[in-house]
Amino acid sequence: MYTQSEKRFLTFSLFTILSVYLLIAAGGIVRTTGSGMGCPDWPKCFGQWVPPTDVSQLPPNYQEVFAAPGKPVAEFNVFHTYTEYINRLLGALVGLFILITVFFSYSYIKTNAKVFWISLLVLAIVLFQGWLGSRVVASNLAGYLITLHMLLALVIVAMLIYVHEISRKNFEYPVISASGKAKTLKVLIVVVLITNFIQIALGTQVREAVDEVRKAGILPRVEWINELGNSFTYHRELSILVFIQHVILYVLSRKTFQRESRIMVLINLTMWLMILQIVSGIVLSNYAIPPAFQAIHLIIASLMFGMQYWSMIYINRTKLES
């Protein structure tokens, strides 16, 4: 049985995972709408905690005052400003949620101290992530920092999923009939997870290339796809390997686990996400990289990574039939 504080932790840690995904989605919208410099300073926005809604609310020389490094003029755009501002508010809210998660995790300090210490480590990483966000703004959206910012968000998701699972007392271990199958699945899920992580990293490189083409403002959007270079080629080709790996994982899991088990729910969900990801990739490649599908592509990739990591936890906890 769980104590009330343990129940609160289980519920709130799951809620925190969802909030991080919401923040990833918001970050994707910021990126695809070109709103990253909608607030040219940090932590305030145009020197205010609540940004203006009209340029008339700014000083006459605001373009000089808030000019970012490497960018001659910080132009006010109310849509970009509030898109970035909402993203920052969500970031602060996620930080608060993780702080509360740490507070609730203290109830495990005597029974399962790992829950508390990992939760505390997540909080430290989130604080670093907040600082890294300030460096992204200060660097005028340096591509390598944006990539690191995104990948670190996935690390936070994985750690939150892990700490949620190890806090459960009545963990339902998947049952497997042969040790050989267990070893194969354990290796395969790690390979799948690493491959998808690399694929997401390549995807961030593709988005950087898209941003560069967009900023140049020379070519019509329909021709952007031809200017993305090797990062797009590698990303597209690796997607074939990712798909093959998912199919193998799905088929092997169907032959190994009961269809109603939690592990199969995760595997099935991952497979559906994989199909949706392929569709969104086709739309991006053939229909002039629609901004909405850029955000959708990122969100699906992040969800897939989370489901894969969750699956890895279950597969690593399999037990042989007695």
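These legends go with a set of close-up views of one predicted model.

**View A. The second largest pocket and the helices around it.**
Here we're looking into the second largest pocket, which holds about 620 Å³ of space. Its lining is made up of 30 residues. Sitting nearest the centre are Gln199, His235, Ser239, Gly281 and His297. Four helices each give two or more residues to the lining: α6 (179-216), α7 (230-256), α8 (262-286) and α9 (291-315). The largest share, eight residues, comes from α6. If you sort the lining by residue type, you get 17 nonpolar, 11 polar and two charged.

**View B. His235, one of the residues nearest the pocket centre.**
Zoom in on helix α7 and you'll find His235. Is its side chain's residue buried or exposed? His235 counts as buried because its relative accessible area is 14%, under the 20% cut-off. Leaving out residues up to four places away in sequence, His235 touches Gln199, Leu202, Gly203, Val206 and His297. Two of those partners, Gln199 and His297, are also listed among the residues nearest the centre of the second largest pocket.

**View C. The largest nonpolar core.**
This core has 67 residues. Which of them touch the most other members? That would be Ile24, Ile98, Val122 and Ile156. The elements giving two or more residues to the core are α1 (4-32), α3 (78-105), α4, α5 (143-166), α6, α7, α8 and α9. Helix α5 gives the most, with 15 residues. There's also a second, separate core of 10 residues, and its members include Ala209, Ile225, Leu228 and Ile289.

**View D. Ile24 and its contacts.**
Now pick out Ile24, one of the core residues that touch the most other members. Which residues is Ile24 in contact with, once neighbours within four places in sequence are set aside? The partners are Met150, Ala153, Leu154, Val157, Leu298 and Ser302.

**View E. A cluster of phenylalanines.**
The whole structure has 14 aromatic pairs. One of them is Phe103 with Phe104, a tilted pair with 5.9 Å centre to centre and 55° between the planes. These two residues differ in how much of them shows: Phe103 counts as exposed because its relative accessibility is 63%, over the 50% cut-off. Phe104, on the other hand, is buried, with a relative accessible area of 16%. Both belong to one aromatic cluster, together with Phe12, Phe15 and Phe97.

**View F. Arg214 in helix α6.**
Back to α6, this time for Arg214. Arg214 is partly exposed, with a relative accessible area of 30%. Setting aside neighbours within four places in sequence, Arg214 is in contact with Gly34 and Trp224. Gly34 is 180 residues away along the chain, yet the two C-alpha atoms are separated by 9.1 Å.

**View G. Gly130 in helix α4.**
The last view goes to α4, which covers residues 113-138 and includes Gly130. How accessible is Gly130, and what does that make it? With a relative accessible area of 31%, Gly130 is partly exposed. For a sense of distance, take Tyr62 as well: Gly130 and Tyr62 are 68 residues apart along the chain, and their C-alpha atoms are separated by 25 Å.

Terms used. Residues numbered from 1 in each chain as written. Predicted model: local features only at pLDDT ≥ 70, side-chain atom pairs only at ≥ 80, totals over all residues. Heavy atoms only, no water. 1 Å grid on protein atoms, 1.4 Å probe; cavity = no way out; pocket = protein on both sides within 12 Å on 5 of 7 lines; lining within 4 Å. Points joined across faces, edges and corners; volume = space filled by probe spheres on them. Nonpolar A, V, L, I, M, F, W, Y, C, P; charged D, E, K, R; others polar. Buried < 20%, exposed > 50% of the residue type's maximum accessible area, 1.4 Å probe, protein only. Contact = heavy atoms within 4.5 Å. Phe/Tyr/Trp six-rings, centres within 6.5 Å; stacked < 30°, edge-to-face > 60°. Core = buried A, V, L, I, M, F, W, Y, C linked by side-chain atoms within 4.5 Å.
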